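Q: I have this one open next to its sequence and would like to talk through the side chains and then the strands. Can we start with the aromatics?

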Amino acid sequence: MSDRPASQALFERASAVLPGGVNSPVRAFRAVGGSPVFIARASKARLISADGDEYIDFINSWGPAILGHGHPAVIEAVREAAMGGLSFGAPTALEVLFAERLQKLYPSLEKLRCVSSGTEATMSALRVARGFTGREVVVKFEGCYHGHADHLLVKAGSGLATFGVPDSAGVPEAIARLTLTLPYNDPEALRAAFASRGKEIAAVILEPVVGNMGCVPPEPGFLQLVIDLCREHGALSVFDEVMTGSRLAPGGAQERFGLRPDMTTLGKVVGGGMPLAVYGGREDVMRTVAPLGPVYQAGTLSGNPVAVSAGLATLAELTPALYERLEVLGAALEEGLRAAARDAGVPACVQRVGSMITLFFREGPVRSWAEASGSDTKRFARWHGEMLARGIYWPPSQYEAAFLCAALTDDDITRTVAACREALAAT
Ligand SMILES: *Cc1c(COP(=O)(O)O)cnc(C)c1O
C-alpha cells in the first residue's frame, strides 16, 4: 500500500471547493481520523484508488453494489438505455416494468412512485402519511437514519414520549417538535407513546433491521408491534427499507420476516448504483398522491430511464442462489471476526443479518443506540486505519454497517479475517 500521495493531493484540492472536501460527510473519514482514499474505479469486489492501490470493498457504495462493481448485465443495460436518451420528462415503458417488478417482490407496494434518493423517498412517504391521516406527529427511533429531511434530523428530547429537538443546525424547533424519538427495541416506550399521543401520530418510521447505528436486528415481535399499534390507533407503519430492501431478501426485510407494513421506502440496491429510490404502499394511502389526490410530490428526473434500467438489471440477478452465497460469505466473515476478537482479548461483538455486518468494539448484544454508543470508537478508529493499510476498505465509522457483495471470494474473506487479526494486534 502506498502512503496515498494522489489521494492526499486530491483531498487538498477538494477541500478548497467542497465543504470538508466531500459531497457526503461520512466520506471525509472524520470519525476515524486521517484523510479519505479517492477511488479511481472499481471492479467486482475491488476498489482501485487514485494511488493505484487495491482494496477489498466492504462498503459497496453504502449498499447498492450487492452484485459487486461493474456487473456486465447492469453495465450493458445502462449503456443501452443511455444510447436511447438520458431523460425525457415523460413516461416510459421502462419505469412501468420496474414498478411491476417491484410490486411482485414487495406485495405491500400496491402503488408506488419513483424518486431520486432515499431522502426524497422517506420525506415523501411521511408527507403522504400526514396527508392521508390528517395528523402531524411522526415517531422515529434513536439510531435509525432516514435521510436528511428536516423532520427526520431530530433527536430525543428529555424523557420518553416528549417531543424531539433538532439534531442539526438549520432545522426549526417548530418542525422538530412534531417528531417523537423513541429507543429502538423498546416495546414499553412505544406503547407509552401511543397511550399518551396516539390520536396525533400520523406514522411510525423505522429501519426493520438497523444499519445506521451499526447492524442492530429487531427483537422478536418488535416490528409486528409497530404494525399492530399503528393499525389500532389509525397511524401508518413505514418500513424504511432503503438499506435492507432487496439486500436481506429479494423482497427486503418484510419478506424475510413475513410482515406487511402500510408503507415502504426503497433505494440503494433497487437503484442498481444509480440515483433511484421508491416509496409506496397501500392503495388507499397512495391515492392521496398528486395527480390523483391532494398531496403534492414531483421530480424532473424521477423514474429516469437510465437509472431504472440499472435497477431492473440488478433485480433480475437477485436469485435465491445469490442470497445463499451472501449468507455463506457472511457467516464465514462473522465467525472469523468473532474468533479474531476473542483471540486478541478485545471486548467486542459481531452482529450480522444476511450481508449486513458490524464489529462493535464493546460486549454485546447491542440492541439500541444507548448500547451502540457505548462502543470504543477510538479503538475502532485505530483498527480501521490498520485494516485500510492492509487493503481492506471497511466503513469509516463504528456506526455504519459493512456490506458484503456476491463478487467476494472465499479467499477475500480469509484475507479479511487475517488482516483483522493483524489489525487487532496492532491496536
Ligand atoms: C441511505 C439511507 C437513506 C437515505 O438515502 P439517500 O439516497 O442517501 O438519500 C434513508 N434511509 C435509510 C435506511 C438509509 O440507509
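A: In this predicted model, one aromatic cluster is formed by Phe58, Phe361, Phe380, Trp383 and Trp394.

Q: How many aromatic pairs are there in the whole structure?

A: A search of the whole structure gives 11 aromatic pairs. In one of them, Phe29 and Tyr393, the ring centres are 6.4 Å apart and the planes make 50 degrees, so this pair is tilted. Phe29 sits in the loop between α1 and β1 while Tyr393 belongs to strand β15, so the pair ties together parts that are 364 residues apart in sequence.

Q: And are those two buried or exposed?

A: Phe29 counts as buried at 3% relative accessibility, and Tyr393 is buried as well, with a relative accessible area of 10%.

Q: Back to the cluster, what about Phe361 and Phe380?

A: The rings of Phe361 and Phe380 have centres 6.1 Å apart and planes at 75 degrees, which is over 60 degrees, so the pair is edge-to-face. Both Phe361 and Phe380 are buried.

Q: Switching to the strands, what is the order in the sheet of 7?

A: That open sheet runs β4-β12-β11-β10-β9-β5-β8, with mixed pairing. At its edges stand β4 and β8, each with a single partner strand, so one side of each has no neighbour in the sheet. From one strand to the next, the twist averages 20 degrees.

Q: How many bridges join β5 to β8?

A: Strands β5 and β8 run parallel and are joined by 4 bridges, and Phe141 stands opposite Leu182 in β8.

Q: Which strands does helix α3 touch?

A: Helix α3, residues 93-105, packs on the sheet and touches β4, β11 and β12, with its direction at about 125 degrees to that of β4.

Key: Residues are numbered from 1 along each chain as its sequence is written. This is a predicted model: local features need pLDDT of at least 70, side-chain atom pairs count only at pLDDT 80 or more; totals for chains, interfaces and linings use all residues. Side-chain values use heavy atoms; hydrogens and water are left out. Rings of Phe, Tyr and Trp (its six-membered ring) pair if their centres lie within 6.5 Å; planes under 30 degrees apart count as stacked, over 60 as edge-to-face and the rest as tilted. Helices (H or I, at least four residues) and strands (E, at least two) are DSSP runs, numbered from the N terminus. Buried means under 20% relative accessible area, exposed over 50%, partly exposed in between (1.4 Å probe, protein chains only). Two strands pair if DSSP finds at least two bridges between them. Axes are lines fitted to C-alpha atoms, for helices over the stretch in contact, and angles run from 0 to 180 degrees between N-to-C directions. Contact means heavy atoms within 4.5 Å.
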